[in-house]
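Dear colleague,

I am passing on to you the structure that I have been looking through, and below it I have set out what was found. Please read the notes with the sequence and the model open beside them.

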Protein chains: 2
Amino acid sequence: MVEYNSEQLDSVFHALADRTRRGMLAQLSTGPQTIGALAEPYAMSLAAASKHVKKLERAKLVKREVKGRSHVCHLDATVMAEANEWMQRYEQFWTHRLDALENALS
Amino acid sequence: MVEYNSEQLDSVFHALADRTRRGMLAQLSTGPQTIGALAEPYAMSLAAASKHVKKLERAKLVKREVKGRSHVCHLDATVMAEANEWMQRYEQFWTHRLDALENALS
DNA sequence: GACATATTCAACCAAATGGTTGACAATTAA
DNA sequence: TTAATTGTCAACCATTTGGTTGAATATGTC
């Protein structure tokens, strides 16, 4: 059985379990962004948004580069690969189900 | 852009962000289990384990069938498919990275 | 009926979460 | 030098989380 780093899975899944943070990742998938730019779409203080970014950083989904007074963030999805792999173990269970549904409908 | 049910993604990712619950899913992947059986490997009260199962249920990862006095749970990974799809949008980002690493090493 | 088994429920607790605000620090611009 | 910009930090707050315990419920068994 493949071994997974439990703490890393914890932090990655937890980071993904929030709409704001998922939104930030989507934003970052279009290119690097400053904290301010990441915060802008949300009706919350900069400090709150900054905390979300920090969680993404701790989960290693985001890297930060300080450029003068602005902090530029970019996506690093490598840890998502591990989470995805973990999930893939269950793929057979959802595809079986979907196949059964397909057969029932045809 | 594909639309995702945010609340469902919240609950699924949150359910997966806990070692105990991931363990329970792994147990269930070998076949249906009672609450008691699911709780047995963990050093916590039955009530605590029962709460974990309830979260898995709310996330729709687990279905429960009451058979007399025991509750039999079985895995339903269909909602995992959606979470996995969401993640797949980022696949290019991690595979690029891994490719780059591979090239750097070769 | 009496007792054991399987599980939930309610009350409680400490710690973490997601938000706020105001003060601080560092950088850039006037 | 002064002022604006970009962000963090610390303190606070309400809510959620993950655990406990003891009592309640429902079902089997003797």
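In this predicted model, the element that contributes the largest share of the surface near DNA strand C is H4(A), with 4 residues. Two or more residues of that surface also come from each of helix H3 (35–39), helix H4 (46–58) and strand S3 (70–75) of chain B. There are 20 residues around DNA strand C, and those that come nearest are Ala48(A), Gly68(A), Thr34(B), Gly36(B) and Ser50(B). Sorted by class, the surface near strand C holds 10 polar, 6 nonpolar and 4 charged residues.

Turning to DNA strand D, H4(B) gives the most to the surface near that strand, namely 4 residues, while helix H3 (35–39), H4 and strand S3 (70–75) of chain A each supply at least two. Of the 19 residues around strand D, the nearest are Thr34(A), Gly36(A), Ser50(A), Ala48(B) and Gly68(B). The classes here are 9 polar, 6 nonpolar and 4 charged residues.

The two protein chains also touch one another, with 23 residues of chain B in contact with 23 residues of chain A. On the chain B side, two or more residues are given by each of helix H1 (6–16), helix H2 (19–28), helix H5 (78–88) and helix H6 (91–105). That side of chain B is made up of 13 nonpolar residues, along with 5 polar and 5 charged ones.

With kind regards

Terms used
Residues numbered from 1 in each chain as written. Chains lettered and ligands numbered in written order. Predicted model: local features only at pLDDT ≥ 70, side-chain atom pairs only at ≥ 80, totals over all residues. Contact = placed C-beta atoms within 7 Å. Nonpolar A, V, L, I, M, F, W, Y, C, P; charged D, E, K, R; others polar. Near = placed C-beta within 6 Å.
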